[in-house]
Amino acid sequence: MAGGGSAAGKGNAPGVRIVVAGDAKTGKSSLILTAATDSYPSNVPPVLPPTRLPDDIYPDRVPVTIIDTSSSPENRGKLVEELKRADAVVLTYACDKPATLDRLSTFWLPELRRLEVRVPVIVVGCMLDKRDEQIPVSLEQVMSPIMQQFREIETCIECSAYRHIQIPEVFYYAQKAVLHPTAPLFDQEAQTLKPRCVRALKRIFILCDLDRDGALSDAELNDFQVKCFNAPLQPSEIVGVKRVVQDKLPDGVNERGLTLTGFLFLHALFIEKGRLETTWTVLRKFGYNNEIRLSEDQLPTPIKRQPDQSVELTNEALDFLRRIFHTFDIDSDEALRSNELDDLFSTAPENPWSEAPYKDAAEKDALGGLSLDGFLSEWALMTLLDPIYSVENLIYIGYAGEPSSAIRITRRRRLDRKKQQSDRNVYQCFVFGPKEAGKSAILNSFIGRPFPEEYESTTADQYGVNIVDLGGTKKTLVLREIPEDGVKKLLSSKDALADCDIALFVHDSSREASWKRAADLLVDVASHGEATGHEVPCLIVAAKDDLDPYLTEIQDSTRVSQDLGIEAPIPISTKLGDFSNLFRRIVNAAEHPHLSIPETEAGRSRKQYHRLINRSLMFVSVGAAVAVVGLAAYRVYAARKNASS
């Protein structure tokens, strides 16, 4: 595997912007002018205007603009502005002034962190010609403690503008740090490839291992070389590459060719030797950006949809996921254990389900394994909440179809209500209710979590997702628990209910205060739906049916449901496992979205008002039509009369 070729650059940026900062009189302007003109300036202005280096000065041929700065207090605002726009920062000190070197660790580097300027830093010792040569100083010895403390330092270099020593190198290293940064690829402290880099290279290896035998043959290695570097490898070069690997790492090569271990070793070797451009060229040829994620042009374009449309996986994507599930179910126990799931996502930047809202959102068996239904449920949830992220992860694990073929946009909910039928496969249910009503218990039961003995308040939205069998057809149901304290914030948005297929209102049937609060929430949500055009079917759940209800609970809740025109409350007991077919009833209500929509008093008044207005308009329209017909008849009569006379 040979190096060579240039990286595509930093995303779609037009070039590299390098900001030079440091104490006054440390040689900033002289450094920039000498790099740009290849001559030492006799007169140097206090601060230079932006300076563009010739495009062909470095192999990557990416435009480089250098920004000079002033360290004087009155120019502080401008300095901060430029630092925040930088792709890389060159920090200067004067080789003959040790105090300016100390200032890097006491002021400049901490200041960059305080400003959250997270870009590569090149530390440059200027005026090397002025340093007392009687005092031998090792750059490595001086800079090692600073580099240990400030890992953002990419390179340290000393130079002299006056003697033309290492001037082009300063900005070459700065440009290279932007185009081929070390930090995403390599852990300097551990001297190993970073996990995300390993995962990307593993995916690339698998894509190039066309015969799936776990090794790159000579032909596959040559194809890889041509794809990445536009040049074939000679047979002697292939032998040489494999010999280098085998000498250092015997299991890096086997009888079939270069193994994954050997492939990773080669890249670690390139990076250790400072040839980061080789690994970056490979990553970019396979569509990765500087964060070692697939760049935007590898993913579907932003999805254009109305707020009341959702996104689901297509049958093509679901078939792929079923095959993947069985491929990684190594022990054939119909469940993916944590190690099998880690293996499945080992070619993605990370396991996307290791954090909220996906962590523990689907049902697991007693050993913590995901069944096929649980696996598909997690994908359905991810596609519902973040479709582009879902497709991105599909590609990481091997989906080879056109990215846009993995997802479909559903029909608008507004249209579903008109047609009195929904054709969705995934329904989202918002679960409302006061504290201690039993919302979390419903979610836990839905995904098979045990009933908790102690109450724990929910402070953020929680999700539970599972597949509901309707007797022949299967639908995916997503329960989203909305904490009581979060309802006001949710309803502050006009489209708050646009992505809700059905709302559930849970109350503790043994406490009157719980019911009253649930009823208030129901009216608030129904009123919001009526006002915004995002009406949703609603169901009331009387939880804790194992406890004695308060005296008028059934009467009160039945009256309210009748007044609003929705189904009577559904009694359940999560403690006893009695759910009265709750989850099927939720899906059935979501499938027929014109039913179970509550109508408030204000909503009824608004409808009556609109009917009156429409009738008035109709009366005016009919009157106008009669007048027009009458006028036409008169004209005909007048014309005939004139003709006869």
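Val 426 stands opposite Thr 476 in strand E16, which makes a handy way into this predicted model. The strand that carries Val 426 is E14 (residues 426-432), joined to E16 by 6 bridges and running parallel to it. On the other pairing, strand E15 (residues 462-469) meets E16 through 8 bridges, this time antiparallel. Gln 462 is placed opposite Glu 481 of E16 in that arrangement. E15 and E16 make a hairpin with 4 residues between the strands, and here Gly 471 takes a positive phi near 85 degrees. As for burial, E16 (residues 474-481) is mostly covered, with 7 of its 8 residues buried. Pairings of this kind rest on backbone hydrogen bonds between strands, whether parallel or antiparallel.

A word on confidence belongs here. The pLDDT averages 90 over the protein, and 90% of the residues score at least 70. Residues 3-13 are another matter: the pLDDT there is below 50, although the stretch does have 22 contacts in the model beyond near neighbours in sequence. Where pLDDT is low, predicted coordinates should not be read in detail.

Strand E18 (residues 538-543) comes next. All of it is tucked away: 6 of its 6 residues are buried, so the strand is largely enclosed by the rest of the structure. That goes for both faces, with Cys 538, Ile 540 and Ala 542 buried on one side and Leu 539, Val 541 and Ala 543 buried on the other. Strand E17 (residues 502-508) runs parallel to E18 and is joined to it by 6 bridges. Within that pairing, Leu 504 has Leu 539 of E18 as its bridge partner. Helix H20 (residues 582-591) is also mostly covered, with 7 of its 10 residues buried. The buried set in H20 is made up of Leu 582, Phe 583, Ile 586, Val 587, Ala 589, Ala 590 and Glu 591.

A smaller piece of sheet can be followed elsewhere in the chain. Three strands line up in the order E9-E11-E10 as an open sheet with antiparallel pairing. Strand E9 (215-216) and strand E10 (253-254) sit at the edges with a single partner strand each, so one side of each has no neighbour in the sheet. E10 pairs with strand E11 (residues 257-259) over 2 bridges in the antiparallel sense, and Val 253 faces Leu 258 of E11.

Leu 233 belongs to the loop between helix H7 (218-229) and helix H8 (235-248). Despite that loop position, Leu 233 is buried, at a relative accessible area of 8%. Its C-alpha atom lies 44 Å from that of Tyr 40, with the two positions 193 residues apart along the chain count.Turning to open space, the largest pocket holds about 1400 Å³. Its lining counts 46 residues, and those nearest its centre are Ile 153, Glu 154, Thr 182, Ala 183 and Gln 188. Several elements each supply at least two lining residues, among them helix H3 (98-114), strand E6 (153-158), helix H5 (167-179) and helix H9 (260-272). Helix H4 gives the most to this lining, with 6 residues. Sorted by class, the pocket lining has 21 nonpolar, 9 polar and 16 charged residues.

Closed space was searched for as well, and the whole structure turns up 3 cavities of 30 Å³ or more. The largest cavity has a volume of about 70 Å³. Of the 13 residues lining that cavity, Arg 413, Arg 417, Asp 501, Pro 537 and Pro 593 are the closest to its centre. Helix H15 (residues 413-419) brings the largest share of this lining, 3 residues. The class count for the largest cavity comes to 6 nonpolar, 1 polar and 6 charged residues.

The second largest cavity has a volume of about 40 Å³. Its lining includes Leu 497, Val 525, Ala 526, His 534, Ile 597 and Pro 598. Cys 538, which is among the buried residues of E18, also lines this second cavity. Helix H18 (residues 512-532) provides the largest share of the lining, 4 residues. By class, the second largest cavity is lined by 7 nonpolar, 2 polar and 2 charged residues.

Note on methods:
Residues are numbered from 1 along each chain as its sequence is written. This is a predicted model: local features need pLDDT of at least 70, side-chain atom pairs count only at pLDDT 80 or more; totals for chains, interfaces and linings use all residues. Side-chain values use heavy atoms; hydrogens and water are left out. On a 1 Å grid over the protein atoms alone, a cavity is a set of points where a 1.4 Å probe fits but cannot get out, and a pocket is an open set with protein on both sides within 12 Å along at least five of seven lines; lining residues have an atom within 4 Å of a point. Grid points are joined across faces, edges and corners, and a volume is the space filled by probe spheres set on the points. Ala, Val, Leu, Ile, Met, Phe, Trp, Tyr, Cys and Pro count as nonpolar, Asp, Glu, Lys and Arg as charged, and the others, Gly among them, as polar. Two strands pair if DSSP finds at least two bridges between them. pLDDT is the predictor's confidence in each residue, from 0 to 100. Contact means heavy atoms within 4.5 Å. Buried means under 20% relative accessible area, exposed over 50%, partly exposed in between (1.4 Å probe, protein chains only).
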